[in-house]
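Student: Could you take me closely through one helix of this structure and the parts around it, giving the cut-off behind each term as you use it?

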Amino acid sequence: MSSTELPEKRPAAAPPAPMPRAVRVADGEELRSVELPGLTLTVRSRPGVRPGLPPALYVHGLGGSSQNWSTLMPLLADQVDGEALDLPGFGDSPPPDDGNYSVSGHARAVIRLLDAGGRGPVHLFGNSLGGAVATRVAAARPDLVRTLTLISPALPELRAQRTAWPTVMLAVPGVAPLFAKLSRDWTPEQRVRGVLSLCYGDPLRVSDEGFLHAVEEMERRLELPYFWDAMARSSRGIVDAYTLGGQHGLWRQAERVLAPTLLVYGGRDRLVSYRMARKAAAAFRGSRLLTLPDAGHVAMMEYPETVAQAARDLIADHGRS
């Protein structure tokens with residue numbers, strides 16, 4: 001090379017994308033990834049205390065994850081072999097390849113997981129969005145559901161509570177990215193306090209350790225590039241499900257559920273109205289109703305012992321039928 005020639009300048013390599021931080025796994029839990037065509041699901045397991053216990057599957061709500069069941073699952077480990085999944089785009093599960101975040105899309109993910117694992121029929125639990133998903137699964141595939149426990153299920157309301165409107169607004173195109181921009185200076189602690197005030201009847205029931213874990217999880221989620229898209233599309237999926245009529249309507253499907261059902265409603269729920277408890281009890285044939293006047297939207301996290309006892313009674317009466 002002559003003195004007038006310059007060495008070839010190579011473009012600087014792009015810095016590698018940061019790896020999302022690991023999700024928390026409580027003592028006694030196991031985490032695994034299930035690969036399905038077009039879909040990858042993270043499943044959190046809480047094995048039963050002895051072999052041969054019937055299987056259970058837990059389905060979280062909008063913005064939640066399988067961690068929402070970490071308090072309840074050990075209380076039922078002597079009754080069931082428990083698994084909780086992260087719905088597509090939530091927790092540690094990546095978005096679905098087809099971008100389908102509808103209630104039916106989430107229900108198909110649950111059905112595919114159960115079919116692939118051959119675990120049905122299961123004792124199926126659902127909270128909020130997960131309650132709507134579980135209702136659709138139980139109506140469409142009664143062979144997969146042994147009992148059904150629904151905690152503040154997101155079933156259609158004619159007059160949604162005013163405190164639920166921010167969730168509804170996320171479904172409007174363009175609102176989620178706008179909110180993300182407007183709230184970019186909020187700290188994870190501020191975000192968690194907002195979520196707790198919305199979801200808990202009494203946020204002071206959350207321990208200091210539980211609050212720190214929630215902040216860590218919020219920090220992890222905010223690093224995910226698809227966080228707001230998953231929230232917005234799933235919110236839109238709930239709104240769309242509320243508008244469906246005929247045999248695809250959620251209330252009509254509730255009437256078709258054959259599995260013995262436990263319904264849990266909180267008197268301080270700011271997202272699903274307490275007044276819907278009576279309508280739900282009439283829709284799900286032969287259902288049991290547990291009302292907790294001081295609970296909010298996530299009774300399984302606020303009053304896990306009470307919810308566990310009601311679920312134990314249901315499982316004991318119908319667990320092996």
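Tutor: In helix α1, the residues Val103, Gly105, His106, Ala107, Ala109, Val110, Ile111, Leu113 and Leu114 are buried, where buried means under 20% relative accessible area, exposed means over 50% and partly exposed lies in between, with a 1.4 Å probe and protein chains only. Helices here are DSSP runs of H or I with at least four residues, strands are runs of E with at least two, and both are numbered from the N terminus. The model is a predicted one, in which local features need pLDDT of at least 70 and side-chain atom pairs count only at pLDDT 80 or more, while totals for chains, interfaces and linings use all residues. Residues are numbered from 1 along each chain as its sequence is written, and side-chain values use heavy atoms, with hydrogens and water left out.

With its 15 residues, α1 reaches 21 Å from its first C-alpha to its last, close to the 21 Å expected at 1.5 Å a residue; the expected span is 1.5 Å times one less than the number of residues. After α1 comes Gly118, whose phi is positive, near 60°.

The partner to examine with α1 is α2, since the two helices pack at an angle of about 65° with their axes 9 Å apart. These axes are lines fitted to C-alpha atoms, for helices over the stretch in contact, and the angles run from 0 to 180 degrees between N-to-C directions. The two helices are therefore roughly perpendicular to each other, given that 65 to 115 degrees counts as roughly perpendicular, under 35 as roughly parallel, over 145 as roughly antiparallel and the rest as oblique. The crossing in which α1 passes α2 is right-handed, that is, the near helix is turned clockwise from the far one by less than a right angle, whereas anticlockwise would make it left-handed. On the α1 side the contact is made by Val103, Ser104, His106, Ala107, Val110 and Ile111, and on the α2 side by Leu129, Ala132, Val133, Arg136 and Val137, contact being heavy atoms within 4.5 Å. Sorted by class, this contact has eight nonpolar, two polar and one charged residues, where Ala, Val, Leu, Ile, Met, Phe, Trp, Tyr, Cys and Pro count as nonpolar, Asp, Glu, Lys and Arg as charged, and the others, Gly among them, as polar.

Helix α2 itself (residues 129-140) has 12 residues and reaches 17 Å from its first C-alpha to its last, close to the 16 Å expected. It is mostly covered, with 11 of its 12 residues buried, including Leu129, Ala132, Val133, Arg136 and Val137. Besides α1 (103-117), the buried residues of α2 pack against β3, β5 (122-127), β6 (145-151), α7 (227-243) and α8 (250-256).

One of these neighbours, β3 (55-59), leads on to another buried position, for Asn68 is found in the loop between β3 and β4 (81-85). At 15% relative accessibility, Asn68 counts as buried, and it is in contact with His60, Met300 and Met301 when its neighbours within four places in sequence are left aside.

For a second helix pair, consider α5 (residues 188-199) and α6 (residues 208-222), whose axes come within 9 Å and cross at roughly 110°. Helices α5 and α6 are therefore roughly perpendicular to each other, and α5 passes α6 in a right-handed crossing. Among the residues making this contact are Pro188, Arg191 and Leu196 of α5 and Phe211, Met218 and Leu222 of α6, and the contact residues divide into nine nonpolar, no polar and four charged.
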